[in-house]
Amino acid sequence: MKKLIYSLPTSLFEIFAVEFNGYGFEILNRDTEETVFAIYVDDKELKSVKEAVQEIFEDLGNGTLILEEDIKEENWEEKWKEHFKPIKIPPFVIIPEWEIYEGDLIPIKLKIGKAFGTGLHPSTQIVLSLIPEYIEKEDSVLDIGTGSGILSIASKKIGAGLVKGIDIQPEAVEECKTNSWENEVEVLCERKSFEDINERYDIVLANLQIDIFREAFKKISKLFRKYLIVSGIYGEKERSQILKLSKDLNLEVLKEVSKKDEGLEEKWYGFVLRHSKKD
Ligand SMILES: C[S@@+](CC[C@H](N)C(=O)[O-])C[C@H]1O[C@@H](n2cnc3c(N)ncnc32)[C@H](O)[C@@H]1O
């Protein structure tokens with residue numbers, strides 16, 4: 001097992017985290033200028049992980065590997081256990097699968113894996129906070145880019161009917177299945193792109209990226225009946241872009257939520273949209 005310690009300008013860190021798809025980080029130090037973080041990686045994955053990080057650094061035009069050190073295999077799980085504490089986003093609490101929770105919130109148990117959706121990211125938290133308000137009992141839900149399955153599991157736990165979680169990454173689909181099983185809820189986890197979905201769902205959850213929305217918002221907007229919950233929008237520029245895309249498709253903004261991430265200059269945004277009555 002290796003510990004790779006990297007440094008990035010703080011303004012770029014979240015972009016990196018999204019690009020790197022939630023592999024799992026430990027933030028060692030963060031101020032407004034710089035974020036220092038560690039990635040723990042299996043020896044056999046070392047080369048591919050380092051290359052993937054390097055490629056993103058090149059795209060971002062910044063980022064440095066500070067240190068690479070061996071860590072003992074037996075410390076590995078303990079390391080994660082230190083890092084992942086319960087995250088409360090009422091009415092939900094996200095807990096690592098080894099944790100026992102006895103409070104009043106609705107627990108979502110997650111195994112630590114490679115897929116995005118640990119619950120730490122503001123874009124995930126925004127959707128979680130909107131789910132109880134907009135999903136009614138027995139609503140059908142399509143969770144585009146399900147990652148760990150976190151949003152599908154939350155939907156099911158508050159009473160949704162059929163819930164489908166799709167992702168193009170095979171690891172995500174596996175984690176969606178494992179986590180649904182751990183939480184004793186039935187989610188249909190499938191390896192699929194939203195481009196290949198043709199049926200409509202009451203609710204569509206889409207915590208994706210602006211590039212995807214720019215290219216395929218029309219397609220996504222055809223997949224929901226009641227509400228489309230969009231997240232993964234970072235900063236004022238992307239916010240204006242999504243508002244323009246919505247207006248062009250006659251989608252009405254019912255709610256806008258933003259969340260500041262410590263150390264980052266701009267905020268993350270999420271939106272609840274519905275088909276405008278004029279449609
Ligand atoms: C930001 S993560 C969201 C994970 C989780 N839903 C959450 O809210 O934490 C976005 C996910 O979308 C997936 N994705 C990207 N393009 C996709 C597509 N065309 N169809 C389905 N999933 C896609 C990625 O593999 C990734 O797992």
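# Why the elements are named as they are

User: Which residue follows helix α8, and what is the sign of its phi?

Analyst: Helix α8 is followed by Asn250, whose phi is positive, near 60°. In this document helices are DSSP runs of H or I with at least four residues, strands are DSSP runs of E with at least two, and both are numbered from the N terminus. The model is predicted: local features need pLDDT of at least 70 and side-chain atom pairs count only at pLDDT 80 or more, while totals for chains, interfaces and linings use all residues. Residues are numbered from 1 along each chain as its sequence is written.

User: How do you know that the length of α8 agrees with its number of residues?

Analyst: The expected span of a helix is 1.5 Å times one less than its number of residues. Helix α8 covers residues 235-248, which is 14 residues, so it should span 20 Å; its end C-alpha atoms are 20 Å apart, and the two values therefore agree.

User: What makes Glu138 stand out in its backbone, and where is Glu138 found?

Analyst: Most residues other than glycine have a negative phi, and most peptide bonds are trans. Glu138 is not a glycine, yet its phi is positive, about 75°. Glu138 is found in the loop between α4 and β8 (141-144).

User: Which peptide bond is cis?

Analyst: The bond from Pro90 to Pro91 is cis, with omega near 10°. Pro91 is found in the loop between β5 and β6.

User: Why are β1 and β4 called paired strands?

Analyst: Two strands pair if DSSP finds at least two bridges between them. Strand β1 (residues 2-9) and β4 are joined over 6 bridges in the antiparallel sense, so the pair meets that definition. Within this pair, Lys2 stands opposite Asp70 in β4.

User: How many bridges join β3 to β1 and to β2?

Analyst: Strands β1 and β3 run antiparallel and are joined by 8 bridges; here Pro9 stands opposite Glu34 in β3. Strands β2 and β3 also run antiparallel, with 4 bridges. Ile27 stands opposite Phe37 in β3, and the bridge partner of Glu26 in β3 is Ala38. A hairpin is formed by β2 and β3, with 3 residues between them.

User: What makes β2 and β4 the edge strands of their sheet?

Analyst: The 4 strands form an open sheet in the order β2-β3-β1-β4, with antiparallel pairing. The edges are β2 (26-30) and β4 (64-70), as each pairs on one side only. Neighbouring strands of this sheet are turned by 20° against each other on average, direction ignored. Axes are lines fitted to C-alpha atoms, for helices over the stretch in contact, and angles run from 0 to 180 degrees between N-to-C directions.

User: Which helix lies across this sheet?

Analyst: Helix α1 (residues 10-19) lies across β1, β2 and β3 (34-41), running at about 125° to β1.

User: What makes the pairing of the sheet β5-β6-β7 distinct in kind?

Analyst: This open sheet of 3 strands has mixed pairing. Its edge strands are β5 (87-89) and β7 (106-110), each pairing on one side only. The twist averages 25° from one strand to the next. Strand β5 runs antiparallel to β6 (residues 92-96), with 3 bridges; in β6, Ile94 is the bridge partner of Ile87.

User: How many residues of each domain are in contact with the other domain?

Analyst: Domain bounds come from an automatic or database domain assignment, which here gives domain 1 (2-79) and domain 2 (117-275). Two residues are in contact if their C-beta atoms, placed from the backbone, lie within 7 Å. By that rule, 10 residues of domain 1 touch 10 residues of domain 2. The largest share of the side of domain 1 that touches domain 2, 5 residues, comes from α1.

User: Which residues come nearest to the ligand, and what classes make up the shell?

Analyst: A residue is near a molecule if its C-beta atom, placed from the backbone, lies within 6 Å of it. Of the 25 residues around the ligand, Gly117, Thr124, Gly145, Gly147 and Asn207 come nearest. The elements giving two or more residues to this shell are α4 (122-134), α5 (150-157) and β9 (163-167). By class there are 13 nonpolar, 11 polar and 1 charged residues. Ala, Val, Leu, Ile, Met, Phe, Trp, Tyr, Cys and Pro count as nonpolar, Asp, Glu, Lys and Arg as charged, and the others, Gly among them, as polar.
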